[in-house]
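Biologist: I am new to this model and would like a close look at a single part of it. Could you take me slowly through one buried site and what surrounds it?

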Amino acid sequence: MSSRRSRITEDEINELISKLQSLLPESRRRSLGRVVELQASASKLLKETCNYIKNLHREVDDLSERLSGLMDNMEMNSFEAEIVRSLLRS
Amino acid sequence: MNSKKKRTIANPNPRNPMQAFHFLRSLSRINLSTAPFHKRCRAIRRAAYASMARSASPNRAWSHAVLYHLHRRRHRPVPEQARCKTDENDALRRLLPGGEAMDTCRLLEETIDYVQRLRTQVKLMQEIVDSVKDDAVHEEKRQKEEI
């Protein structure tokens with residue numbers, strides 16, 4: 001593993017880390033504080049990323065339930081029409 | 001030159017429409033075949049992860065891992081294991097599909113891509129929920145007026 005890592009430069013890792021940081025929503029980014037020591041902040045960043053991913057998983061679950069509920073209430077035809085409309089809109 | 005100044009939602013990732021297409025197509029298939037709420041719910045969730053994986057770049061390990069798990073009919077496409085005392089790298093490896101075998105650099109790249117697809121999926125599903133609810137409200141109003 002260490003032999004592989006020597007091929008990846010410090011800069012590339014930094015770039016990946018800052019890109020990851022930019023993906024986190026504003027509220028999570030604020031809790032990271034100022035980037036002083038790369039090692040320390042990288043660990044916090046990974047932790048925030050894990051929390052964010054878990055959050056997104058929960059949101060997908062939640063939205064799946066809501067969609068399922070909506071399918072329940074609506075007429076089959078109008079739901080499909082709505083799907084087509086959404087597709088055209090995006 | 002001005003168009004490059006600010007990347008707004010108007011200039012999104014080109015994979016997003018592909019993801020929307022996959023998801024909506026899967027949704028329309030679910031509608032007709034599965035009746036009970038829980039089954040439908042699970043089918044929607046599977047469709048969500050499948051559309052994320054299918055619209056990902058083909059060299060992404062996470063997308064292959066997701067499709068593999070879906071193919072094996074795991075209840076949860078993304079296994080989340082019990083928490084034990086390990087470092088953040090390991091935690092991330094467990095969360096990311098296919099993450100166990102990756103080195104740190106690859107892990108970061110895959111995570112970035114995975115998070116992008118996940119966010120798109122959440123936004124997509126939220127938009128559908130919102131527009132379907134709006135439509136339902138309009139439909140109710142219209143029916144009330146007809147009476």
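Modeller: What follows is a look at Ser68(A) and its surroundings. This is a predicted model, in which local features need pLDDT of at least 70 and side-chain atom pairs count only at pLDDT 80 or more, while totals for chains, interfaces and linings use all residues. Residues are numbered from 1 along each chain as its sequence is written, chains are lettered from A and ligands numbered from 1 in the order in which they are written, and side-chain values use heavy atoms, with hydrogens and water left out.

Ser68(A) belongs to helix α4 of chain A, residues 38–73, where a helix is a DSSP run of H or I with at least four residues, numbered from the N terminus. Ser68(A) counts as buried because its relative accessibility is 0%, buried meaning under 20% relative accessible area with a 1.4 Å probe and protein chains only.

Turning to its partners, and setting aside neighbours within four places in sequence, Ser68(A) is in contact with Phe37(B), Arg40(B), Cys41(B) and Ile44(B), contact being heavy atoms within 4.5 Å. With Cys41(B), the side chain of Ser68(A) reaches the backbone nitrogen at 3.5 Å; a polar contact is a pair of N or O atoms within 3.5 Å, where within protein one must be able to donate a hydrogen and the other to accept it, and residues adjacent in sequence count only if both atoms are side-chain atoms.

How values were computed:
Helix = DSSP H or I, 4+ residues; strand = E, 2+ residues; numbered from the N terminus. Buried < 20%, exposed > 50% of the residue type's maximum accessible area, 1.4 Å probe, protein only.
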